[in-house]
Every structure is written in C-alpha cells, then in structure tokens.
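Work through these exercises with the structure open. Try each task before you read its solution.

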Amino acid sequence: MISARSMRVFRLLQQQSSNLSTTTTTTTNWIPPDTLPSENDIDHFRQQYFAAEKPVVVRSAESARTLPGYQKWFVQHETGGSSVGLNYEYLSQFGDAVVPLEMTATTSSGEGGLGKDGQVQFKRLHAPLSMFLAYTQFASPPSLVPQNQNIAMTTTTTIYLAQAHISDLPPTLSSDFSPPPRLVTETGRNDIYAANLWIGSPPTYTPLHKDPNPNLFVQLAGGKRVRILKPGDGMRVFTAVRNHIANSNGGNDGGGAAIRGEEMMMGSERKVLKDVIWGDHHSDPAVDSVSRGMVGYDVLLERGDALFIPKGWWHSLKGVGEGITASVNWWFR
C-alpha cells in the first residue's frame, strides 16, 4: 500500500513538473536516488554511498527532527497543513545578529508581470537578522504571519538568507543545530568544514554548481527540489553553457565559476543553466545535445528529509511549496 506521505511527494513532483515547459523536455533522464534504510547504520552508509560517492536520501531523518532548531525556529500552519513559518517571537530576540543575504531583483518587462526576458540583478550583503525577518513577514502568506502583523506585499525582489555560517550566529542560535547528525560525525574523519543555513520564501533557486566537500543537506521547513549530475556530466553541461555564452558574447564567457558564486546568479549563465537542468529547450543545439543520454537524480525533499551529495557532484536546487523553505547543510570530510 502506498503511504499518504509517498502520495504527497508524488503529487508535489507532478505539480512541479507541470510548471516546466510543456512544449519541450530536457534530454537528461532524471531518476530518484536510493533511499537509505537506516541512518543509524553508519557502516552501510560509509561503504555504499560515502566511499562509493553516490547520492542517497534519508526520509524523515531522526537526526533532523531532533535538532532543537527544527522545532524552535518554525511554527506550524494554524490550519494544520504541512506549511510552516518562521517563529518570529523566538528569532526576533536576536534581530541584531548580522547574517548574509542575497537580493535578487527581476525587472518587469511588459504589462501584468515579469517577462521571460526580464533582467536579473543580484547582490550579496550582510544585514541584521531583523531585516530578513521583516521581509519574510511581507512575503509570507497572511496565515503564517502573527495576527497583529497581517501584512501583504507584492514585489519582484526576493531576499534569501544564504550560506549563513552557523558558527557566526549568536551562541544560543548556533546551539540550535547541534549536535550534527551521526552521518556527518562518524562516517569520515569527523572533520566538519562548514555548516550553513539557507532560508527563504519560495520560489528560491540556486543554479547548477558543485561543492568541494561531501555535503549532508537537511530540510528543516517547506520543500526543496534537487537535481544532481555526476562530476563528469555536470562539467560537460557547464562547459557547454560557458561555450554558448562565449559564442554569444564574441568570445567572452563571462568568467563564471563552478562553485556557487555571483556569476551564476544573474545574466546569461543563470538563464541557460536553468533551461538545461529544469527542462526548457534551448535554442543552441550544442547545449541541448550535450545532456542527451545523461542520467541524473531528481529528488523532492520534505521537512525532516536529508540528502547526501558526494564531493564534486553538480546540483541545482529550487525551493517549492508555501510558507518558508529552510535547510541546513554540513560540508564534512
């Protein structure tokens, strides 16, 4: 019998797939990754996935649900649905804490909304946590905002709390994400390179990139859809995109980087990478043909799920659903 949770994941995947182009499809064959039977079987994880460098998902991970921040940072939708919002009463106590934010503004082109060719402007800054909390109160559905702050706002600017180092947070907030999961501390050398928070209001989007260390990615709130490519396949896609941009710009590829950076968050690189990975046909046959026959992984993470992404594997992420989407990740060795 199919569980209610599995049906919910299936319907969300169907909904997200319907948002992709209906006239053309990506040439990559996207399949689900393995599901780890037990996150407590460290030896199995180490041999079959960590050492083998293969992605795997952990559904309803106990190590995620027992993190203090899993409960303290978020509040359940008052109607009993699956959406959650930020716990403003708790987090506002730390409003002076400085956090890294990413601001993305899309210029309107045409009447009634954003045009396909809308220009994207991207900026990174450090600002008080209170600024981000105020933004999410505007961006969140009214049912997720405290009764005395029922505010609505329509804007083309999004703010994403991205790669906030947990060690840089006030001690009380930092302790909300300790201890790290055993998959992080007991699989390798217990060498945690960095731990980071990612919080925003859907839709959030990170283009295709790779990380220099193994990554355990835990979904704290909302949903996030992830597509993953092997190191060689991801590099071929990335190189084809860079070549396309260079040909379009008279030999200048824009200086993009494979690690998540500003270059891929705006301009041609952002658009073409999104076209190739998320299903829209691209006008340059060379860009489309490079992914033909590739096999990648596609997974929808719900609250409490965890995903292992091996070192050097390319991935792109989209925040989906309603309310807040929030994640924490550990890069470890």
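**Exercise 1.** Find how many bridges join strand 12 to strand 13, and the sense in which they run.

*Solution.* Start at strand 13, residues 295-301. Five bridges join strand 12 to this strand, and the two run antiparallel. Strands here are DSSP runs of E, at least two residues long, numbered from the N terminus. Two strands pair if DSSP finds at least two bridges between them. Now pick one bridge: Val226 has Val299 in strand 13 as its partner.

The model is predicted: local features need pLDDT of at least 70, side-chain atom pairs count only at pLDDT 80 or more, and totals for chains, interfaces and linings use all residues. Residues are numbered from 1 along each chain as its sequence is written, and side-chain values use heavy atoms, with hydrogens and water left out.

**Exercise 2.** Name the residue opposite Arg225 in strand 15.

*Solution.* Strand 15 covers residues 314-320 and runs antiparallel to strand 12, with seven bridges between them. Opposite Arg225 stands Lys318.

**Exercise 3.** Decide whether the faces of strand 12 are covered or open.

*Solution.* Count first: seven of the seven residues in 223-229 are buried (under 20% relative accessible area, 1.4 Å probe, protein chains only). Then split them by side. Gly223, Arg225, Arg227 and Leu229 lie on one side. Lys224, Val226 and Ile228 lie on the other. Both faces are covered.

**Exercise 4.** Explain why strand 2 and strand 7 each have one side without a neighbour in the sheet.

*Solution.* Write the order of the open nine-stranded sheet: 2-3-14-11-16-9-8-6-7, with mixed pairing. Strand 2 (34-35) and strand 7 (120-128) stand at the edges, each with a single partner strand, so one side of each has no neighbour in the sheet.

How values were computed. Helix = DSSP H or I, 4+ residues; strand = E, 2+ residues; numbered from the N terminus. Buried < 20%, exposed > 50% of the residue type's maximum accessible area, 1.4 Å probe, protein only.
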